[in-house]
Amino acid sequence: MCSIYLQGPGLRADGVRRASVAVIGTGRVGRAVGYALASAGHCVGYGSRTPGRDSFSVADAVAGGDAVLVAIPPRAVADFAREHASALAGKLVLDATNDVMGTPANAAAIFAEYAPDCRYVRAFNSLGAELFENPIIDGAPADLFFSCAESDRPEVETLITAVGLHPVYVGENHELVDGVMRLWLTLAMGRNLGRDMAFRMVTR
């Protein structure tokens, strides 16, 4: 059982422990992904600069997580990585931030500089929070594109599947995942298709 985490028993029916996930940021994306993971049985703890009844300090949340979902404003990422570098060492860091006006939009270089021992993942950034809250469209899960080291792929796919999405691995190509995000924004917002729009890969 997870003693410091707020949601989820952390155990499967067969008694096998599931990952603990620290969600840094209590906005809509962080809340949606965290709730979905907790509903799937993962231990989830929210980390906030202003902790309250339903969140921990950022340091306590990071300390308790096997994986860390970063869903904070892009301008705050460097300070987060620098301050918590030692606690992030060896942990999956799922970067859900989007520096939409920047190139690149991801924070891979920031984590490489300030927290080089973390296991960086680009994920949960290319869809709206609506799809994390309700990932099923036309009876099937929406695709979520992600990038990471090949060795981390199974663990990341487990987390994405737990949210209810279909994981699509693109290798360690973080800029390609950024491109999916920009395409989604262009269609959903620029072309007024709506934030419930998602992608699905079809193969013959």
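**Sheet, helices and salt bridges in a predicted model**

Valine 93 has tyrosine 120 of S6 as its bridge partner. This pairing is a good place to begin a walk through the structure, which is a predicted model. The two strands involved, strand S5 (residues 92–95) and S6, run in the parallel sense and share four bridges. They belong to an open sheet of eight strands with mixed pairing, in the order S3-S2-S1-S4-S5-S6-S9-S10. At the edges of this sheet stand S3 and strand S10 (166–169); each has a single partner strand, so one side of each is left without a neighbour in the sheet.

A word on confidence is useful before going further. The average pLDDT of the protein is 90, and 91% of the residues score at least 70. Over residues 6–16, however, the pLDDT is below 50, although this stretch has 31 contacts in the model beyond near neighbours in sequence. Where pLDDT is low, the predicted coordinates should not be read in detail.

Two helices can be followed closely. The 12 residues of H1 should span 16 Å at 1.5 Å a residue, and the end C-alpha atoms of H1 are indeed 16 Å apart. Buried residues of H1 are Gly30, Ala32, Val33, Gly34, Ala36, Leu37 and Ala38. Their cover includes strand S1 (20–24), S2 and strand S4 (67–70), together with H6 and helix H7 (153–163). Just after H1 comes glycine 41, with a positive phi of about 105°.

Helix H8 (residues 174–190) has 17 residues and reaches 23 Å from its first C-alpha to its last, close to the 24 Å expected. Its buried residues are His174, Val177, Asp178, Val180, Met181, Trp184 and Ala188. Seen down the axis of H8, these residues fall within an arc of 155°, so they line one face of the helix. The elements they pack against are helix H5 (108–114), strand S6 (119–122) and strand S9 (143–148). S6 thus appears both as a partner of S5 in the sheet and as a packing partner of H8.

Charged side chains add further links, and the count comes to 11 salt bridges. In one of them, glutamate 133 meets arginine 28 at 2.8 Å, N to O. This pair links distant parts of the chain, with glutamate 133 in helix H6 (residues 129–133) and arginine 28 in helix H1 (residues 28–39), 105 residues apart. Glutamate 133 has a relative accessible area of 44% and is partly exposed; arginine 28, at 46%, also counts as partly exposed. Both residues take part in a network of salt bridges that links Arg28, Glu130, Glu133 and Arg195.

H1 contributes to another bridge through arginine 31, which pairs with aspartate 54, the closest N and O atoms being 3.0 Å apart. Here too distant parts of the chain are linked: aspartate 54 lies in the loop between strand S2 (43–48) and strand S3 (56–57), 23 residues from arginine 31. Arginine 31 is partly exposed, with a relative accessible area of 27%, and aspartate 54 is partly exposed at 39%. A further salt bridge joins glutamate 150 to arginine 153, with a closest N to O distance of 3.9 Å. Arginine 153 has a relative accessible area of 29%, which makes it partly exposed.

Some details of the backbone also deserve a look. Most residues other than glycine have a negative phi, and most peptide bonds are trans. Between threonine 103 and proline 104, the peptide bond is cis, with omega about 0°. Proline 104 sits in the loop between S5 and H5. Phenylalanine 124, in the loop between S6 and H6, has a positive phi near 60°. This phenylalanine 124 is buried, with a relative accessible area of 3%. Asparagine 192 likewise has a positive phi of about 60° although it is not a glycine, but asparagine 192 is exposed, with a relative accessible area of 67%. Its place is in the segment after H8.

Finally, proline 141 is found in strand S8 (residues 140–141) and is partly exposed at 31% relative accessibility. Not counting residues up to four places away in sequence, proline 141 touches Pro135, Ile136, Gly164, Leu165, His166 and Arg200. From proline 141 to asparagine 192 there are 51 residues in sequence and 22 Å in space, C-alpha to C-alpha.

Definitions and conventions
Residues are numbered from 1 along each chain as its sequence is written. This is a predicted model: local features need pLDDT of at least 70, side-chain atom pairs count only at pLDDT 80 or more; totals for chains, interfaces and linings use all residues. Side-chain values use heavy atoms; hydrogens and water are left out. A salt bridge is a side-chain nitrogen of Lys or Arg within 4 Å of a carboxyl oxygen of Asp or Glu. Buried means under 20% relative accessible area, exposed over 50%, partly exposed in between (1.4 Å probe, protein chains only). The expected span of a helix is 1.5 Å times one less than its number of residues. The arc is that of the directions from the helix axis to the C-beta atoms. Contact means heavy atoms within 4.5 Å. pLDDT is the predictor's confidence in each residue, from 0 to 100. Two strands pair if DSSP finds at least two bridges between them.
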